[in-house]
Amino acid sequence: MSEHPIFARFYDRMTAGTERAGLAQMRRELLATASGRVLELGAGTGHNLEHYTDAVTELVMTEPDPHMARRLRERLAKEPRAAGNPTVVEASAEELPFDDGSFDTVVATLVLCTVSDPQRALAEARRVLVEGGRLLYIEHVRSTRPGLGRWQDRLERPWGFLAAGCHPNRPTDQALADAGFWIDSLERDKLPKAPPIVRPLIRGVARRPTSA
């Protein structure tokens, strides 16, 4: 697991413009549908926290970077009435310390670009969901435009160095299907006020299949 103390320190400041330009609204619309026991992967500094509603009965927020986790706990201390009585667990998305079928909803927002093994992370998300449970996602992805896609490939390593291991060219849309999720909805959009190589975005809902 990589640790990024400087990135954690300045993350909120770096992303403030993108949040104001529309990302916060995307979060609000998506997370209004979260309910029951909810697990958030890679919660970072807690940008999703204010958007959960009282339909969330329990909220577990995982964050593997201790510097991000510290800032997340600081935010929680300032919001004692947050929905779901949140708890923070320092765990990676690839090794979730929870039993099978533990959660009704899993949330992944701008996290699958940074995990070391996205397929394993998605397999874990599917494992901890109840049958029929939902994965709510907002993720930037590899462009469907060949020219931009090639630039994402070329700039993957330098961008990752600057952005704490972020991969701008991951085909997360395909990875969701490959992981065995049913895709309830997938909307293509743009990450507002962001560099072109991380602008292509998908958001929507995937579901763990139910047994026949």
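Start with strands β6 (residues 182-190) and β7: they pair antiparallel over 8 bridges. Keep in mind throughout that this is a predicted model.

Zoom to the K190 end of that pairing. The bridge partner of K190 is P200 in β7.

Now select β7 alone, residues 200-207. Of its 8 residues, 7 are buried, so color by accessibility and expect a mostly covered strand.

Add strand β5, residues 129-140. β5 and β7 run antiparallel, joined by 7 bridges. Pick Y137 and look across: G204 in β7 stands opposite.

Return to K190 and P200. Both are among the residues closest to the centre of the second largest pocket, together with S143, R145 and D189. Show the full lining, 13 residues. The space inside is about 240 Å³. β6 and β7 each supply at least two lining residues, and β6 has the largest share, with 3. By class, the lining holds 5 nonpolar, 2 polar and 6 charged residues.

Next, go to the largest pocket, with about 1100 Å³ of space. Select F7, L110, T114, A163 and A164, which lie nearest its centre. Then widen the selection to the whole lining of 47 residues.

Which elements give two or more residues to this lining? They are α1 (5-31) and α5 (156-162). Highlight α1: this helix gives the most, 7 residues.

Finish by coloring the lining of the largest pocket by class. There are 23 nonpolar, 18 polar and 6 charged residues.

How values were computed
Residues numbered from 1 in each chain as written. Predicted model: local features only at pLDDT ≥ 70, side-chain atom pairs only at ≥ 80, totals over all residues. Heavy atoms only, no water. Buried < 20%, exposed > 50% of the residue type's maximum accessible area, 1.4 Å probe, protein only. Helix = DSSP H or I, 4+ residues; strand = E, 2+ residues; numbered from the N terminus. Pairing = 2+ DSSP bridges. 1 Å grid on protein atoms, 1.4 Å probe; cavity = no way out; pocket = protein on both sides within 12 Å on 5 of 7 lines; lining within 4 Å. Points joined across faces, edges and corners; volume = space filled by probe spheres on them. Nonpolar A, V, L, I, M, F, W, Y, C, P; charged D, E, K, R; others polar.
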